[in-house]
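Here's a quick tour of the model, from one chain's overall build to its packing and sheets. Have the viewer open as you read.

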Amino acid sequence: MQRIGVFICHCGTNIAGTVDVKAVAEALSHEAGVVFSTDYQYMCSESGQQLMREAIREHRLTGIVVGSCSPRMHEATFRKAAAAEGLNSYMVEIANLREHVSWIHKDMKEATEKAIILGRAAIAKVHLNAPLQAGESPVTKRALVIGGGIAGIQTALDIAEAGFEVDIVEKSPTIGGKMAQLDKTFPTLDCAACILTPKMVDAAQHEKITIYAYSELEAVKGYIGNFKAQIRRKARFVDETKCTGCGICTEKCPMKKAPNEFNMGFDKRGAVYIPFAQAVPKVATIDADYCLMLKNGKCGICSKVCGAGAIDYKQQDEIIEREYGAIVAATGFNPIDAKVYGEYGYGTCPDVVTSLELERLMNAAGPTNGTLLRPSDKEHPHTVVFVQCVGSRCTETDERGKPYCSKICCMYTAKHAMLIREKYPDTDVYVFYIDVRTPGKNFDEFYRRAVEQYGVHYIKGMVGKVTQNGKQLRVQASDLLAGEQLHINADLVVLATAIEPDKTARSIGTMLTASMDTNDFFTEAHPKLRPVESPTAGIFLSGVCQGPKDIPETVSQASACAAKVIGVLAKDKLTCNPCVASSDELLCNGCSSCEKVCPYGAITYTDKEFRGPNRTTLIRRVASVNPAVCQGCGACTVACPSGAMDLKGFTNKQIMAEVDAICK
Amino acid sequence: MSHSNHATEQVLRSSGVDVRKCMRCGKCTATCPAFDEMEYHPHQFVYMVEKGEIEKLAASPSIYKCLSCFACVDRCPRGVEPAKLVEAVRLSVIRKQGQNHMSPDAIPALLDEDMPQQLFVTALRKYSK
Amino acid sequence: MQVTEYKPKIVAFCCNWCSYAGADGAGSARLSYPEEVKIIRVPCSCRVNPMFILRAFQRGADGVIIAGCHPGDCHYTSGNYFTRRRMALLFSMLDYLGIERERTRVEWISAAEGAKFSKTMTEFCATVAALGENKRLEDLRCKK
Amino acid sequence: MKFSYYPGCTLKTKGKDLDRYGRLCAEALGFTLQELPDWQCCGAVYPMAKDEIATKLSAVRALVSTRDAGEELVTLCSACHNVIKQVNNDMKTDADIALRVNNYLGLETPYHGETNVLHYLEVLRDRVGFDNIKAAVKNPLTGRKIAAYYGCLLLRPGKVMQFDDPENPTILEDFIRAIGAQPVAWGMRNECCGGYVAVEDKTQAQKRSGIVMEDAASNGADTVITACPLCLYNLQKNGGSTLPVVYFTELLAEALGVK
């Protein structure tokens, strides 16, 4: 039999104004097991807690019921107070007399009655409470970052700086991501490579960081603190440890027909290639789809010219297994395929390009060495039309576009327009916009500068159709403020295409059991208060994989994400929520129903020996719950047909005792 | 915002268009081949129906200028389908007695020998009840 | 003799993350609902065993409502989907037993929907009150 | 291969060539077009309003009699195709329209859009196959530069017509290649010819057709092909160009040697 203490809080007049607190304390003092019952003005105050602690000592209380505000408010406070007196904190139950009684009812008699009933329910529950011990699990002090763009690099650097080991897994031959392809960055117009490549080098040289480039995540098992990941290191056909990155092989490769992804396919690269001069790791990769040696065994030139003997045509994919305490998704984005927007002529008119393609056309290391020339005839364009929101902000049922705002396009278009006007003042630049969205530090000023100082023509309206008209493009558009339909003869049309999560995000999300929204962006644990964590413990989110964002935002989020990861890795052991499911092995019939409904994969089955009749041994298949993985939802308890599965802190008996007390 | 009246409701019901989906991008108007001939343009149809200004639209020759080419229907990123509003407003006019825009008697004078049947059947369908 | 107004007994199972917080929200905003509603906190609506509902009816409850996070918003990703399916089955069984369909309900109430909580509870009380006392499953041994 | 065939009014009068060559080619390519008995005019234009029921009935009748014959319905005229396909879609997806039409028609078995509607070009692409057409060509139109004019009705609304990419179609270009000619790349191939307003407002039709014909000519076309009698009329009569405009079936017949 428990020795229960009841403490009814006045909460000033918040509760006492509507509930007769003295009557409640008096009524509950007659309940079975209650050895002490009182009321106090502010139970949460220091003196209120003191009162409780004294009562625990004096009356040797084994259970506590506090009639106060919502447990979401002060449950932790009272648990702590009880624990300070040596009482298990899970022996405390709260009857919510404020949010659920005094604040919603006017009549004192009825409110008091209800308060007594809620108090009784809490007492009934406490009778069945058992002391619970939070379990502990060890933490592997290494983090995995999936994706080596600016988000992944920043997160890795911050974690490494805190002294923890980090592995970056990047699917392409080099880290750097989309930012490496950009020309300048808004709103300061510093060159992307100048600020990114030092960070890439930092990451490569950091003793705590290991970069697995040209590698992909294959499988993940485990839970927070204890993940096991398999990483596929794709065959480069070049020994990374031997290659010096001298580039002789790339020059001598006779096969020069592979489209150069880094330059958005505007030029060609060899079958053996280094994506760009500042690539990290700076090693060559052989493209098996184009290499003559790999395809038909005829060539071998790269192997002959390589002084380091790094070429290895027989290299195979390799799978390595590593352990991690936390995993960061930094899988990034891609622009959508603009070909679906045939009305803008992309794919049929060569001088209709996407914004990312324009970055390469303007970049000094790009296919035109930084001179803006149009793709069709390599002439300098004199009229450039920008189309905003291509595939962004579409209705949910739209098959071609995305329902969200891609967020970065307004700003990079202002940047493009400004750069073109600055470099080529004889060029007319038109920007067709629906809204110009510039929330960000110095963002609107930047956009205004494009209009006021650089004379970019911003037109509120949309482009309806782009067609080839001889050497030029015929752009038909609306000018909504003037109420006109415009027909512009343009030399270059730039589409600000929507961005979408990288295609690999979905499969990675599945591996990590991290939830995603309908657009394949990772879902955060809380949209405001836990924006860099996945609801799945131990999985963290960095960069655009969580939602569209620009570079400054990505970097802030990447660092925030690192802070959260460090918070996990800094602990030697993780405390688990003790209110987890557990199975009574004697009742379990091994049916797997619980395993099937568990959203966390916390339940496994093992064959166990049991004593049978007449000194025999029976082997039975029984469920066991990993308390470090279980989050305590209770889905399994209801699925269990034999009643073996129960949830600590919310047992079947406890809840039914509450039901009985309420219905009495 | 609108003083919702019977005419507006009729147009909304008959067209099946949800005007509130419009984000005022103007792609319909950008794409409209009949722009020059119209007093009110596709995006204005959407906005004015939302405001309940059916009378102005009904009195405008614009309702006889839409080519029913479905370009605005296909290209609208919000799935608004402005052409259906033009049709619904036009119907609300020609369904009234004596309000036919073109009577069958007027057709012979407009014919030339090469005109396909489909041309004046369409015109009659569009212009009269 | 004064005729006391009939007051139904209503048990509300609320998930800790959405609906219990929604009930707190209703309290903070002082949005009243009948005091007949007594809330039991569960971690997730999927913790509600059909047994609990039968027990409530047995012990004389007149209505039982289960409130959870909106579909897709479950703190545990998929718990409320289990609830939805399980309760659909249970309710049709209760129907078969002669417990009116209106005495049970599943509602999705988020932490931000204090107003919805209060409105839902008020409506549910009125519905149950109109049905009168539940006698079908009541265990007479539990009567005083 | 046998299909129910809906020719439409214009193909019986001003658009006889479209029909005649279509039938000849079908025979040459080995499929049968069985003209629907007692078909009525489709109404020439799709009535967009949800509360227009009577004007959708004749299309439904054609669809129902095709269903009852257990066949697929082939059309040749773009306008008929558009009307019948869109009405069919209404019957399939709009329960209210379907209910009212079915109530009105009092069919033994109510109709809910079961019939598959194909344009003649879709039969060529998806059933016969352009490769087989290429093999069947006797007089390849080598050296001819042909502009494929789609207009509006074959393509739009794309979601309903499901004919080809409405903004970047290829079916007619593939057809042109199959008969040995060279397709012209041009931007105005899916712009409106001016349509029915030609009755009332010749200048509007002239402007629209003019833009189309000028674009075809400036891209080096020697012929423009279409599947629509109204487009043919507008482009020829109001296009202000001497460039010949013919039905695609006529060129097919020429290539197959059945003209």
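Why does the radius of gyration of chain D agree with that of a compact globule? Chain D has 259 residues, for which a compact globule would come out near 18 Å, and chain D has 18 Å, so the two agree. That radius is taken over C-alpha atoms, and the globule rule is 2.2 Å times the number of residues to the power 0.38.

A bit of housekeeping: this is a predicted model, where local features need pLDDT of at least 70, side-chain atom pairs count only at pLDDT 80 or more, and totals for chains, interfaces and linings use all residues. Residues are numbered from 1 along each chain as its sequence is written, while chains are lettered from A and ligands numbered from 1 in the order in which they are written.

Back to chain D, where buried means 20 or more other C-beta atoms within 10 Å of a residue's own, with C-beta atoms placed from the backbone:

| Chain D property | Value |
|---|---|
| C-alpha span along principal axes | about 55 × 45 × 30 Å |
| Buried residues | 55% of the 259 residues |

Now the packing. The largest nonpolar core (buried Ala, Val, Leu, Ile, Met, Phe, Trp, Tyr and Cys joined through C-beta atoms within 7 Å) has 266 residues, and A:Val328 and C:Val11 are among those with the most contacts inside it. Apart from it lies another core of 130 residues, including B:Cys22 and D:Val117.

As for sheets, strands pair if DSSP finds at least two bridges between them. In chain A, eight bridges join antiparallel strands E11 (residues 215-223) and E12 (residues 226-233), with A:Gly222 partnering A:Phe227. Seven bridges join E12(A) to E17 (residues 318-324) of chain A, also antiparallel, and A:Ile231 stands opposite A:Ile320 there.

Notes: Buried ≥ 20, exposed ≤ 12 C-beta atoms within 10 Å, placed from the backbone. Helix = DSSP H or I, 4+ residues; strand = E, 2+ residues; numbered from the N terminus.
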